[in-house]
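Subject: Structure handover

Dear colleague,

I am passing on the structure that we spoke about, together with some notes on what turned up when I went through it. Please have a look at it first and then read on.

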Amino acid sequence: MDGHGDDRHDDRHSNDRRARFERAAPGLVEPLRRFLARRTDPATAEDVLAETLLVCWRRLEDLPAEPLPYAYGVARHCLANAQRSARRQERLAAKIAAVDPPRATVPGPGEGADDLLTEALGRLRPDDAELLRLWAWEQLGPSEIATVMDITSNAASIRLHRARQQLKEALRKVSGPAGHEESREGRTS
C-alpha cells in the first residue's frame with residue numbers, strides 16, 4: 001500500500017465535515033445571536049456566539065439532524081462559563097483594590113483632559129503620541145516603554161526626548177501667541 005489511500009480518506013472526511021457544518025451553521029447563527037442578546041450584553045453575546053459555534057464544530061459528530069436545540073444548550077453552557085469568568089474577574093479586582101487601591105490618575109483624552117493637550121497630541125505621529133502617553137499617563141520609564149513598543153531602551157529614550165520637543169512645539173501652535181501681546185507704546189493710531 002502506498003499510503004495515499006489514507007490521505008484521500010482523510011481529505012474526504014475533512015470535506016464532508018466542513019460541508020456538514022456549512023449546511024448547519026447558517027441556520028444557527030441568527031437564532032443563537034437573538035437567544036444570547038436576550039440574556040447578556042452585546043459584546044459578551046458575540047463572544048459566546050463564537051465560542052458556541054466553535055464547540056459545535058468540534059463536536060460536529062454529536063450535532064443532531066435538528067441542531068438548533070442542541071446549539072441552544074451549548075450556548076447556555078458557554079454563557080454560564082463566561083458569566084462565571086466575569087464574576088471571578090470582578091472578585092479578583094475587588095480583592096486587588098482592597099489590598100492595593102488605585103492611585104489618582106491623570107485624565108486621558110475625553111476624561112476631562114486639557115483640550116489643547118489633546119489637540120497637540122493629535123498633531124503628533126501616533127507612535128510618538130503613544131510613547132508620551134505611556135510616559136506621562138502610565139508613568140513608565142524608557143526601558144518599560146521599550147518593552148511595550150518593542151523597541152530598544154536607547155531608542156525609547158531618544159524618541160521620548162524628541163516626542164517631548166515635538167509636543168512643546170505642537171502646544172505652542174495650538175495655543176497661539178499667548179502671553180505675547182503686542183506693545184502699543186510709541187505707536188500712533
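The notes below go from the whole chain to its cores and then to a single residue.

Please keep in mind that this is a predicted model. The secondary structure of the chain consists of seven helices and zero strands, so that reading along the sequence gives the pattern α-α-α-α-α-α-α. The chain has 189 residues, of which 25% count as buried, and its exposed surface comes to about 13800 Å², with carbon and sulfur atoms supplying 51% of that area. If one takes the contacts in the chain with a separation of 6 or more, 62% of them are accounted for by residues 24 or more positions apart.

Turning to the interior, the largest nonpolar core has 21 residues, and those with the most contacts inside it are Phe 21, Leu 32 and Leu 36. At least two residues of this core are supplied by each of helix 1 (4–37), helix 2 (42–58) and helix 3 (67–99), while the largest share, seven residues, comes from helix 1. Once its neighbours within four places in sequence are left aside, Phe 21 is in contact with Pro 26, Leu 53, Cys 56, Trp 57 and Leu 60.

There is also a second, separate core of 18 residues, which includes Leu 121, Ala 129, Leu 134 and Ala 163. Two of these names, Ala 129 and Leu 134, return among the buried residues of helix 5 (residues 126–136), which are Asp 128, Ala 129, Leu 131, Leu 132 and Leu 134. The cover over the buried residues of helix 5 includes helix 4 (115–122), helix 6 (142–149) and helix 7 (153–175).

One residue seemed worth a separate paragraph, namely Thr 52, which is found in helix 2. Is Thr 52 buried or exposed? Thr 52 counts as buried, because its relative accessibility is 0%, and the cut-off for buried is under 20%. A polar atom of the Thr 52 side chain lies 2.7 Å from the backbone oxygen of Val 48. Leaving aside neighbours within four places in sequence, Thr 52 is in contact with Leu 32, Ala 71, Val 74, Ala 75 and Cys 78; of these, Leu 32 was named above among the residues with the most contacts inside the largest nonpolar core.

With best regards

Note on methods:
Residues are numbered from 1 along each chain as its sequence is written. This is a predicted model: local features need pLDDT of at least 70, side-chain atom pairs count only at pLDDT 80 or more; totals for chains, interfaces and linings use all residues. Side-chain values use heavy atoms; hydrogens and water are left out. A nonpolar core is a set of buried Ala, Val, Leu, Ile, Met, Phe, Trp, Tyr and Cys residues joined through side-chain atoms within 4.5 Å. Buried means under 20% relative accessible area, exposed over 50%, partly exposed in between (1.4 Å probe, protein chains only). Helices (H or I, at least four residues) and strands (E, at least two) are DSSP runs, numbered from the N terminus. Contact means heavy atoms within 4.5 Å. Accessible areas come from the Shrake-Rupley method with a 1.4 Å probe; for residues, only the protein chains shown count as cover. A polar contact is a pair of N or O atoms within 3.5 Å; within protein, one must be able to donate a hydrogen and the other to accept it, and residues adjacent in sequence count only if both atoms are side-chain atoms.
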